[in-house]
Amino acid sequence: MPGIDKLPIEETLEDSPQTRSLLGVFEEDATAISSYMNQLYQAMRRIYDAQNELSAATHLTSKLLKEYEKQRFPLGGDDEVMSSTLQQFSKVIDELSSCHAVLSTQLADAMMFPITQFKERDLKEILTLKEVFQIASNDHDAAINRYSRLSKKRENDKVKYEVTEDVYTSRKKQHQTMMHYFCALNTLQYKKKIALLEPLLGYMQAQISFFKMGSENLNNQLEEFLTNIGTSVQNKTGLVSSTWDRQFYFTQGGNLMSQARGDVAGGLAMDIDNCSVMAVDCEDRRYCFQITSFDGKKSSILQAESKKDHEEWICTINNISKQIYLSENPEEIAARVNQSALEAVTPSPSFQQRHESLRPAGQSRPPTARTSSSGSLGSESSSLAALSLDSLVAPDTPIQFDIISPVCEDQSGQAKASGQGGRRTNPFGESGGGIKSETEDSILHQLFIVRFLGSMEVKSDDNPDVVYETMRQILAARAIHNIFRMTESHLLVTCDCLKLIDPQTQVTRLTFPLPSVVLYATHQENKRLFGFVLRTSGGRSESNLSSVCYIFESNNEGEKICDSVGLAKQIALHAELDRRASEKQKEMERVKEKQQKELSKQKQIEKDLEEQSRLIAASSRPNQASSEGQFVVLSSSQSEESDLGEEGKKRESEA
């Protein structure tokens, strides 16, 4: 019941139905608090027990490491380096065990003790008083019933005295227990917040103290020791084996399978959906490539037998990573991706020199991608590589893989050609130089974290397929030329424009006017990829207008960004319609005002003419009066008006 925070103690003497109803509400609240606090107590008890178990397990680990030098292994000799290393580890783990023990003690004192006290003392007191109050209330009702059944005809003073005394005693007991019960319920309302916050504060303080102790123990010297140990573990063959095993690898759906010689069947080696693959240098071996899972927790380094197999494996795993095998014609799409990546895609000059040595040369057809243990692609699929390519993207279109910063020397020329520019925004919100921000009045401000993949000029901007084709070519070019660097930016969506802002310096890298964004779409399968087409003046083509497609990657927000851009365009459209309607309304008001002025002017002219006619009529009356022998005396004002009337009449006759 809102607005009621306590039970009125003075109402205990009346014991009215309203008081009992209010008491029922407080009893329901006490029951809900008791149930919730019991659940919270169980959860905190699990934390405390788990911390005790962790402390004991850490102490046991330290003890076992100390006893390593006392062990006698049948095939192991005395290794002083290993013993000293484990002794050092045991000291560190022993310190961590001490920290865990201190954390357990602090959790017991600061977290478990307050909530246990509240549960065992306050909540149980409520239950006990409730039972006592119920018993006292029942006794009082029974005494009242006996008093009500006293006979009127046969009065017995002794019985009447006993019953009256019983009513008095039971009513007094009920009033006392009811007051105690009310006080306990009121106290619970004030204690429940403290009882909930106190153990949580104790838990947080204990964790902060634990992390502080850990940071003091794990100093720079220990970090250097751990770094040296990690390096030695990776380099020494005595600790980790660095032998290479020859196995047969094949793909099955979205999995990379391996089968050793002599095995009946293969086993799962790695899940390669949404993985990354790149060529690496490993122990001075040729044709090595590394496969890294999507979450980055697992990676494998494989070595191919030849350069051709090396390129085929990279293309195959790249195709599977994009889940091309789930489409209707995986072989045809794979051939399109590989051929467009190797032949149709021409990188920008800055990347062309950097990856000149990695570009496959002297190949008349794309390498065959192995998608199964025995299957391969035929040469007839190579004719599908240029399907609808020329109608969407020009064959010789360069790709820009990085964003040109507005502080570069050639940015002014690019901004002049594409209508884009960069301006440094003031992070403190001050208006530098009195220049008003373009997006200051915009009602839509949405910020997204994106990574720029690339951009290229396109021939069409009226079909979402041009965005899909651009995504395919840019991703294929990145995979072939081992371009993995992506520029992270903040994409600001407003009703006026789209802005790419540097997250570190808050510099506006690129500005895309919203009316120029004519097309935007999300990848059909990978929803993290999205792109939009910007129509600008000038360009490589002979026409005055050119279209450039920009491709980005976001954190599972591609559809949200496209929806935000669509909302911004709708808001801009409605604002433009409202502006035109307002201008039309103002024009109509101006025309109406002009008509009013013309009408008032016409009325004024008619009024003046009527006044002149009246004056003329008044001036002609004296002549008529003199002919009849009557005289009319005119005042000076009337004579002046008659003169004015005659002048007006002369002007009308002249006109």
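1. A definition to begin with: rings of Phe, Tyr and Trp count as a pair if their centres lie within 6.5 Å, and a pair is called stacked when the planes are under 30 degrees apart. Please keep in mind that this is a predicted model. With that rule, the count comes to 10 aromatic pairs.

2. Which residues do ring pairs link into a cluster? The members are Phe452, Phe512, Phe530, Phe532, Tyr550 and Phe552.

3. Let us look at one pair from this group. Phenylalanine 530 and phenylalanine 552 are stacked, with 5.6 Å from centre to centre and 20° between the planes. Phenylalanine 530 belongs to strand β14 (residues 529–537) and phenylalanine 552 to strand β15 (residues 545–554), so the pair ties together parts that are 22 residues apart in sequence.

4. Are these two rings' residues buried or exposed? Phenylalanine 530 is buried, its relative accessible area being 2%. Phenylalanine 552 counts as buried too, because its relative accessibility is 1% and the cut-off for buried is under 20%.

5. Strands β14 and β15 are part of an open sheet of 7 strands, whose order is β12-β11-β10-β9-β15-β14-β13 and whose pairing is antiparallel. At its edges stand β12 (508–513) and β13 (517–522); each has a single partner strand, so one side of each is left without a neighbour in the sheet. On average, and ignoring direction, neighbouring strands here are turned by 30° against each other.

6. Within this sheet, it is worth following one pairing by eye. Strand β9 (residues 446–458) runs antiparallel to strand β10 (residues 487–493), and 7 bridges connect them. To find your place, start at glutamine 446, whose bridge partner in β10 is valine 493.

7. There is also an open sheet of 3 strands, in the order β1-β2-β3, again with antiparallel pairing. Its edge strands are β1 (248–252) and β3 (267–271), each of which pairs on one side only. Neighbouring strands of this sheet are turned by 35° against each other on average, direction ignored.

8. How many bridges join β1 to strand β2? There are 5, and β2 covers residues 255–259. One of the residues to look for is phenylalanine 248, which has glutamine 259 as its bridge partner in β2.

9. Finally, a look at the surface. Tyr147, Leu150 and Val159 form a nonpolar patch there, and together they have about 230 Å² of accessible area. Tyrosine 147 sits in helix α2, which spans residues 80–148. This tyrosine counts as partly exposed because its relative accessibility is 40%, a value in between the cut-offs of 20% and 50%.

Definitions and conventions. Residues numbered from 1 in each chain as written. Predicted model: local features only at pLDDT ≥ 70, side-chain atom pairs only at ≥ 80, totals over all residues. Heavy atoms only, no water. Patch = residues over 30% accessible without salt bridge, like charges linked within 9 Å, V, L, I, M, F, W, Y side chains within 5 Å. Areas by Shrake-Rupley, 256 points an atom, 1.4 Å probe, with all protein chains shown as cover. Salt bridge = Lys/Arg side-chain N within 4 Å of Asp/Glu carboxyl O. Helix = DSSP H or I, 4+ residues; strand = E, 2+ residues; numbered from the N terminus. Buried < 20%, exposed > 50% of the residue type's maximum accessible area, 1.4 Å probe, protein only. Pairing = 2+ DSSP bridges. Axes fitted to C-alpha atoms, helices over the stretch in contact; angles between N-to-C directions. Phe/Tyr/Trp six-rings, centres within 6.5 Å; stacked < 30°, edge-to-face > 60°.
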